[in-house]
Amino acid sequence: MMIVFLGPPGAGKGTQAETISKEKKIPHISSGNLLREAVEAGTETGVKARYYIEKGLLVPDQIVVDIIKERILKSDCRAGFVLDGFPRTLAQAKVLDEMLKNLGNRLDIVFYFSVSKESVVQRLSGRLICGACGANYHKIYVPSSKNGICDKCGGKLNQRADDKPETVLERLRVYHEQTEGLIDYYQKSGILKEILSDNSRIDMITKKISDTIKSTMQEKSLIGRGVN
Ligand code: AMP
């Protein structure tokens, strides 16, 4: 099953994508993580990407598309994937559709995480990321058991440079300007499912996503077998 998680920064996409990826045994592909890995590794792509990431701007389509294409073509993606943070522009969405079409496939579901601006700012300002394994925490909502240390690998937890308040506001502006239009795009193709991610518990949201995947896949298999 091919799934996209769409929504503003801080909507909880990464946290949910990690859980759903384990549950469904399909890779979690985060464009942000792939770009940050390139930045860390100091590759040519990473050097270019860093400039945009630090300003809270979108990395140019071609750079992100190349990274995502390379990842999706790996053999572990044959049974599906959870795409988190990609696509973020109409051009990226169209490339993704085309790429999947060429593979004889298409997206099954796009989950749109809707969340208020206040929640986003609150979530991002408390977010901590493990420098070693990339696991996500939150100072209040998802604390690690030892202060500043990752429960999973013992790595050091840091605040992301682009989670500073002024960069967060810029990322939200960019989201409204360049990404929000995708809600309409996927609504029209009939695969959009909205997830209210404001006040619900993390495990309740996971259940909602998981149930929606199950019912959508059941419906698809019935339609595939000619049952209406
Ligand atoms: P994220 O971890 O998804 O919040 O992404 C962090 C940053 O990486 C974003 O603010 C962008 O600068 C860049 N980025 C991630 N995904 C994309 C994308 N699909 N298109 C353009 N830039 C991206």
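**Exercise 1. Overall form**

Find out how the radius of gyration of the protein chain in this predicted model relates to that of a compact globule.

*Solution.*
Step 1: Start with the length of the chain, which is 228 residues.
Step 2: A compact globule with that many residues would have a radius of gyration near 17 Å.
Step 3: The protein chain has 17 Å, so the value agrees with the globule rule.
Step 4: Now add the outer dimensions: along the principal axes, the C-alpha atoms fill a box of roughly 55 × 40 × 35 Å.

**Exercise 2. Inside and outside**

Work out what share of the residues is buried, and what the exposed surface is made of.

*Solution.*
Step 1: A residue counts as buried when its relative accessible area is under 20%.
Step 2: By that cut-off, 45% of the 228 residues are buried.
Step 3: Turn to the surface: the chain exposes about 12400 Å², and 53% of this comes from carbon and sulfur atoms.
Step 4: For the charges, take the mean position of the 35 positive ones and that of the 28 negative ones; these two points lie 3 Å apart.

**Exercise 3. Building blocks and contacts**

Count the helices and strands, then look at how far along the sequence the contacts reach.

*Solution.*
Step 1: The protein chain holds nine helices and eight strands.
Step 2: Consider the contacts with a separation of 6 or more.
Step 3: Of these, 70% join residues 24 or more positions apart.

**Exercise 4. The two sides of helix H3**

Decide how the buried residues of H3 are arranged around its axis.

*Solution.*
Step 1: List the buried residues of H3, which spans residues 44–55: Gly-46, Ala-49 and Ile-53.
Step 2: Look down the helix axis. The buried residues of H3 fall within an arc of 70 degrees, so they line one face.
Step 3: Recall a general rule: an α-helix has 3.6 residues a turn, so residues three or four places apart point the same way.
Step 4: Check the face turned away from the buried side, where the exposed residues Glu-44 and Val-47 sit.
Step 5: Ask what covers the buried residues of H3; the cover includes helix H2 (31–41).
Step 6: Finish just past the helix, where Gly-56 takes a positive phi of about 80 degrees.

**Exercise 5. A leucine in a loop**

Locate Leu-103 and describe its surroundings.

*Solution.*
Step 1: Leu-103 lies in the loop between helix H5 (90–102) and strand E4 (109–114).
Step 2: Its relative accessible area is 47%, so Leu-103 is partly exposed.
Step 3: Leaving aside residues up to four places away in sequence, Leu-103 touches Ile-72 and Leu-73.
Step 4: Compare Leu-57: it is 46 residues from Leu-103 in sequence, and their C-alpha atoms are 31 Å apart.

Methods. Residues are numbered from 1 along each chain as its sequence is written. This is a predicted model: local features need pLDDT of at least 70, side-chain atom pairs count only at pLDDT 80 or more; totals for chains, interfaces and linings use all residues. Side-chain values use heavy atoms; hydrogens and water are left out. Helices (H or I, at least four residues) and strands (E, at least two) are DSSP runs, numbered from the N terminus. The radius of gyration is taken over C-alpha atoms; the globule rule is 2.2 Å times the number of residues to the power 0.38. Buried means under 20% relative accessible area, exposed over 50%, partly exposed in between (1.4 Å probe, protein chains only). Contact means heavy atoms within 4.5 Å. Accessible areas come from the Shrake-Rupley method with a 1.4 Å probe; for residues, only the protein chains shown count as cover. Lys and Arg count as positive and Asp and Glu as negative; His and the chain ends are not counted. The place of a charge is taken as NZ of Lys, CZ of Arg, CG of Asp or CD of Glu. The arc is that of the directions from the helix axis to the C-beta atoms.
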